[in-house]
Amino acid sequence: MIFDTHAHYDDAAFDEDRDLLLTALGQAGIGAVVNVGASMESTKRTIELTRQYSFIYGAIGVHPSECGQLEESQIQWLKQQSFQEKIVAIGEIGLDYYWDEPDREIQKKWFCRQLNLARETGLPIIIHSRDGAKDTLDIMKAEKCGEIGGVIHCFSYGVEMAREYLNMGFYLGIGGVVTFQNAKRLKEVVEYAPMNRLVLETDSPYLSPAPYRGKRNSSSNLPLVVNAIAQLKGMEPEAIEGITWENARKLYRLK
Ligand code: NI
């Protein structure tokens, strides 16, 4: 069975066929999905999805690009929700210097606040870091994130950065990008990282693997990612499925 550690099924891209698609995932070999909040709105919809589908767990948090209007009262609301049984992580949180809005200092402020929220709640973190490698790592070291634990979602940096995060005890989220021909850097990271620290993710509806690049993604495309990792690791796809399933359960501390 396959564990999708990061998807956004609350996204409007699924409005027309969400239930049909989600109820078919089991037959496609998908055993569990973590739906990840990116704003206050999507966090609310994430919580609803965890109530509707037994195999969906939730992460709650506010993405760096969405934190411009955030207020402390909303962090307190997130904290209250975090104690629900199927809420397994704080995320996605971090820094995004690709879109570069809101102001970097504002992004950093709410990143740190949500790291503390993870500490307060005892939940692992899902990190979003785009074009902000150094600042993300500096903050995570200063905040001693190794004590919190979690995953670097859609890992997009090189082997040097991978080593830093692996040393902090983090998992690396690997998705559709690993199937792209030009993804040399990520392929090197997958070869380098120990198998017990990799988890599968889609970031649905984004980042479809080849040959569906550019189309709407869903968890049922994950066998393509499994095959790409199997090839890089010289292992059988079944073994990759089994190991990443166990890794995901450890990451999100599922019993
Ligand atoms: Ni995401």
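This short report walks through a sheet and the helices that pack around it in a predicted model.

**The sheet**

Let's start with the strands. Eight of them form an open sheet with parallel pairing, in the order β1-β2-β3-β4-β5-β6-β7-β8. At the edges sit β1 (2-7) and β8 (198-200), each of which pairs on one side only. If you ignore direction, neighbouring strands here are turned against each other by 30° on average.

Take a look at the β8 edge: strand β7 (residues 171-174) pairs with β8 in the parallel sense over three bridges. One residue pair to find on screen is Ile-174 with its bridge partner in β8, Leu-200. Elsewhere, helix α5 (residues 133-142) packs on the sheet and touches β4 (87-96), β5 (125-130) and β6 (150-152). The direction of α5 makes about 150° with that of β5.

**Two helices in contact**

Now for a helix pair. Helix α6 (residues 159-167) packs with helix α7 (residues 184-192) at an angle of about 40°, and their axes are 9 Å apart. Because of that angle, α6 is oblique to α7. The crossing of α6 past α7 is right-handed.

Here are the residues that make the contact:

| Helix | Contact residues |
|---|---|
| α6 | Val-159, Ala-162, Arg-163, Leu-166 |
| α7 | Glu-188, Val-189, Tyr-192 |

What is the make-up of this contact of α6 with α7, in nonpolar, polar and charged residues? Five are nonpolar and two are charged, with no polar residues.

Methods:
Residues numbered from 1 in each chain as written. Predicted model: local features only at pLDDT ≥ 70, side-chain atom pairs only at ≥ 80, totals over all residues. Heavy atoms only, no water. Axes fitted to C-alpha atoms, helices over the stretch in contact; angles between N-to-C directions. Helix = DSSP H or I, 4+ residues; strand = E, 2+ residues; numbered from the N terminus. Parallel < 35°, antiparallel > 145°, perpendicular 65-115°, else oblique. Left-handed = near helix turned anticlockwise from the far one by under 90°. Contact = heavy atoms within 4.5 Å. Nonpolar A, V, L, I, M, F, W, Y, C, P; charged D, E, K, R; others polar. Pairing = 2+ DSSP bridges.
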